[in-house]
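Biologist: I am new to this one. Could you show it to me and take my questions in turn?

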Amino acid sequence: MALPFIPGYSEIGKKMHSLKPGYHLPHRFDFKLDQRFYIDQEIASRDLPRPGWTKRIPRHSFYPRTAGPGLPAWVAFDKQVLRFRGYYIDRVQNSQVERSRVRTVKIHFYLEDDTIEVIESKWKNSQLPQGTLLHRHRVPLPEPDDFEFYTIEHLNVGRDLVLYGTTYHVTSCDQFTRNFLAKLGVRVNPDTCIPSDAYMETRNDHERSMRPLKPYKKVDTLGQFLHYDGKVLRFWGYWDDREVQHGDLRDIVLLYYLADDTIEVKELVPPNAGRYKAPSLLRRARLPKQLKALPRPGVECPRTVLNTFGDIYGKGMGRLFIYDNLNNNYHPSDFYHDSELCIGAHVNVWGREMVLTDCDPFTRDYYRIKYQKELGEGRPYRPPPKPDPPRQVPPYLGFGSEEDTLTSVFNLIPQAPKKDFNKFMVNDRNGLDGHVLRFSAQMVTTSKIDATRKFILCFFLSDDTLSIYEVPIPNSGIAGGQFLERGPVRRDPECRRACPILPDCYVSEDLFVGAQLTINKFKFRLVAADEYTLRYTDKRPAQYEKANPDQIIRKLREHIPRDAQRQMHKDFNGGYRIRDHVCSYDEMVSLLKKYAGDVLSEHELITLGRHFCADESKTEYASTEELVGYVQKLLKQHKLGADCISRIEDGLMHHDPYRSGDVPGYQITNVLRQEQVPLPTDVVHKIIECLPRTQKGTVNYCEFLKLLNWEKNPVWMPEKTPRLRQPWEQWDFPKPVKSVNYTSLLNEFAPKEQAPGGPCGTPMPEASCAPLTGAPVELAAHPTPDMIQRIPPDPLPLSYCDSGQPPPPPPTEPCE
């Protein structure tokens with residue numbers, strides 16, 4: 001008997017024991033590309049069984065690399081299987097009926113680890129071990145290549161696979177397998193047929209010719225249940241029960257369960273109807289079409305029993321039954337089916353006729369898909385309900401507001417009036433910027449003292465409330481201060497006596513320069529507006545008609561006749577400088593009032609002046625070169641050179657896994673904050689906006705890093721801090737309007753079909769037809785003697801660097 005080949009029992013074992021440093025459990029797993037990696041085969045050559053041996057590492061299947069990132073096979077081909085069909089011939093010993101048997105199998109090849117699994121199809125009463133013949137594992141090749149394993153190169157239709165001595169003939173494969181092998185460049189052979197087994201064919205013919213002794217009539221309801229479980233057809237209808245005493249039209253709901261073709265009927269009992277509300281009018285069951293007498297026992301059974309006999313062998317085998325194979329005594333009942341239900345159908349529910357009038361959207365889709373039938377619209381069967389009489393509201397008593405009084409009228413327990421929370425969140429104060437429209441107002445009165453009083457009217461957009469503040473005038477004898485407390489104000493103060501349910505209060509659209517308001521029997525006229533108010537209304541021309549230039553010009557075109565239009569054009573060209581196409585704002589107002597009268601309000605005239613403004617902007621903003629120079633100057637002062645730029649590049653590459661060189665703009669700002677680079681955020685935003693963008697809205701961070709590198713790409717560094725154009729300054733209303741480009745106004749005023757010539761058909765001089773050139777102008781508010789203090793501009797929008805969205809495009813200048 002040979003001794004075991006372990007250290008201490010042989011000379012070679014002793015030598016191996018002296019060479020091996022330890023017998024600890026070897027390290028088998030590791031991580032590569034964030035995936036668990038099996039390294040047992042790589043270290044197999046280190047633990048040699050004996051000196052001088054060299055173990056050949058079996059190779060796996062080779063897959064050509066794609067253009068994308070390289071992934072290991074167990075990640076790229078996870079849960080992907082090649083499926084083949086085939087057979088093998090099993091020799092049968094000691095049988096007079098058959099000599100061999102053809103056994104069909106399925107061969108599964110798992111791409112992730114080159115493992116093979118063989119499964120045999122099950123046959124009834126085969127008395128053979130079927131199912132999984134070969135469990136999933138790597139199968140070695142037959143000798144003498146048993147140190148290698150089967151890979152994808154060994155698989156194809158028409159080949160023979162020898163798996164542990166059994167030869168499997170591959171006959172076909174599925175479409176995924178054929179496409180996968182074709183992509184690898186393998187020419188897949190056409191499918192072949194599995195040879196027939198003579199013994200199995202004889203056995204199948206014999207079974208088909210046999211007549212079973214127990215002809216059970218199998219009804220397959222499991223498939224219908226699995227497909228339609230939880231799906232119900234819902235119909236609404238009525239049951240006319242007015243023939244009996246105290247009868248009425250009763251509303252019903254008919255539910256048809258598709259899982260088992262059963263019907264349930266429920267009655268819709270309205271509140272205070274005086275009837276008992278039962279859970280269901282008809283419990284769930286199959287509904288017959290005709291009302292018949294109660295059938296005798298066994299008439300409507302699926303099977304008919306002819307005879308019953310007991311235990312014939314005396315071994316406790318139970319009773320045996322003889323069934324009627326021909327079903328001579330079976331009388332099937334005719335039940336309602338889903339194909340017979342529709343809108344307008346009359347359903348006989350055990351002698352009660354019910355009419356279907358409507359259905360739900362699921363039912364309509366079901367009939368449209370399955371039967372290609374449109375059910376149509378619902379059929380009303382009741383007259384429309386009478387409208388409720390108007391609720392009588394008691395007069396307002398003066399305690400609190402009207403809304404508080406109405407809550408005590410409509411509810412037994414008083415509740416706080418509800419407010420528009422979404423409107424409050426959008427238009428409420430944002431930091432130091434408040435959404436408030438401010439106007440300068442004067443009192444309309446015959447009193448000379450009251451006419452000299454000055455008021456500031458504030459309208460709060462968050463809740464549509466209004467307050468009035470009186471400007472104190474020294475030595476006037478009238479103390480200024482709060483004139484009207486903040487709150488909603490009615491348009492007509494006489495409406496307090498009627499006290500409507502919803503009070504008609506002033507809204508922001510009612511306020512404009514030149515409007516007259518009646519507030520607590522005092523009449524006020526709005527004479528001016530601050531810059532924030534004019535800018536707010538100009539941005540929303542669809543909401544505010546007085547700030548819509550197109551509608552104002554259309555109004556002028558309707559009220560000024562053709563002859564007056566020609567004369568107005570001559571007055572503009574003859575009285576003012578044609579070379580510059582410019583006139584003063586007061587001259588434009590005087591001419592428009594001369595020909596249009598009082599059609600336009602003061603706010604509409606201000607809107608035209610701001611829209612066709614010709615004032616030149618003297619504010620100079622920094623260019624992109626100056627901003628880059630300013631950034632390089634800051635980096636140079638803090639001694640941040642190539643090392644800092646390298647850290648920034650590493651941070652940006654972390655957000656660019658595919659190394660495309662493009663990242664969203666907000667990622668650049670985030671990386672600068674992480675590296676604590678002392679650069680102003682607004683300057684960085686402006687430089688990022690100037691960089692070219694891709695279709696996805698990303699920017700090239702390599703170009704941005706080149707601009708920051710002051711050592712390799714130096715530019716001129718400004719001495720002073722450059723001035724940036726703020727988002728609210730893109731509408732530019734810092735100064736009053738002084739001059740108006742009347743040529744642009746006349747071109748817009750002229751009809752579209754006469755645009756090439758002068759307005760109203762008058763030929764224009766050559767100088768007046770020249771295009772206007774120059775930089776975009778800055779618009780301004782109309783000068784007023786009672787201009788109130790400057791209001792903070794619109795709140796700045798959320799920076800795209802913080803929200804993760806690309807910056808919005810800058811608004812176009814109104815004069816272009």
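Modeller: Start with Tyr 532. Its relative accessibility is 0%. Keep in mind that this is a predicted model.

Biologist: Why is Tyr 532 called buried?

Modeller: Buried means under 20% relative accessible area. Tyr 532 has 0%, so it counts as buried. Tyr 532 belongs to helix α10, residues 531–538.

Biologist: How far apart are Tyr 532 and Leu 437 in sequence and in space?

Modeller: They are 95 residues apart in sequence. From C-alpha to C-alpha, the gap in space is 7.3 Å.

Biologist: What makes helix α14 largely enclosed by the rest of the structure?

Modeller: Count its buried residues. Helix α14 covers residues 602–611, and eight of its 10 residues are buried, so the rest of the structure largely encloses it. Among the buried ones are His 603, Glu 604, Leu 608 and Arg 610.

Biologist: Which elements do the buried residues of α14 pack against?

Modeller: They pack against α10, α11 (549–559), α13 and β26 (739–741).

Biologist: Which residues have the most contacts inside the largest nonpolar core?

Modeller: They are Leu 457, Ile 519, Met 588 and Leu 608. That core has 54 residues. Helix α13, residues 585–596, gives the largest share of this core, with seven residues. Apart from it lies another core, of 28 residues, including Leu 627 and Val 677.

Biologist: What does Leu 457 touch, beyond its neighbours within four places in sequence?

Modeller: Its contacts include Leu 437, Phe 439, Ile 468, Leu 511 and Ile 519. Arg 438 and Ser 467 are also among them.

Biologist: Why are α15 and α18 called oblique to each other?

Modeller: Look at the angle. Helix α15 (residues 624–637) and helix α18 (residues 681–690) pack at about 130°. Over 145 degrees would be roughly antiparallel, and 65 to 115 roughly perpendicular. The angle of about 130° fits neither range, so the pair is oblique. Their axes are 10 Å apart, and α15 passes α18 in a left-handed crossing.

Biologist: Which residues meet there, α15 against α18?

Modeller: From α15 come Thr 624, Leu 627, Val 628, Tyr 630 and Val 631. From α18 come Val 683, Lys 686, Ile 687 and Cys 690. By class, the contact has seven nonpolar, one polar and one charged residues.

Biologist: And the whole protein: how many helices and strands are there?

Modeller: The protein has 21 helices and 26 strands. Of its 816 residues, 36% are buried.

Note on methods
Residues are numbered from 1 along each chain as its sequence is written. This is a predicted model: local features need pLDDT of at least 70, side-chain atom pairs count only at pLDDT 80 or more; totals for chains, interfaces and linings use all residues. Side-chain values use heavy atoms; hydrogens and water are left out. A nonpolar core is a set of buried Ala, Val, Leu, Ile, Met, Phe, Trp, Tyr and Cys residues joined through side-chain atoms within 4.5 Å. Buried means under 20% relative accessible area, exposed over 50%, partly exposed in between (1.4 Å probe, protein chains only). Helices (H or I, at least four residues) and strands (E, at least two) are DSSP runs, numbered from the N terminus. Contact means heavy atoms within 4.5 Å. Axes are lines fitted to C-alpha atoms, for helices over the stretch in contact, and angles run from 0 to 180 degrees between N-to-C directions. Angles under 35 degrees count as roughly parallel, over 145 as roughly antiparallel, 65 to 115 as roughly perpendicular and the rest as oblique. A crossing is left-handed if the near helix is turned anticlockwise from the far one by less than a right angle, and right-handed if clockwise. Ala, Val, Leu, Ile, Met, Phe, Trp, Tyr, Cys and Pro count as nonpolar, Asp, Glu, Lys and Arg as charged, and the others, Gly among them, as polar.
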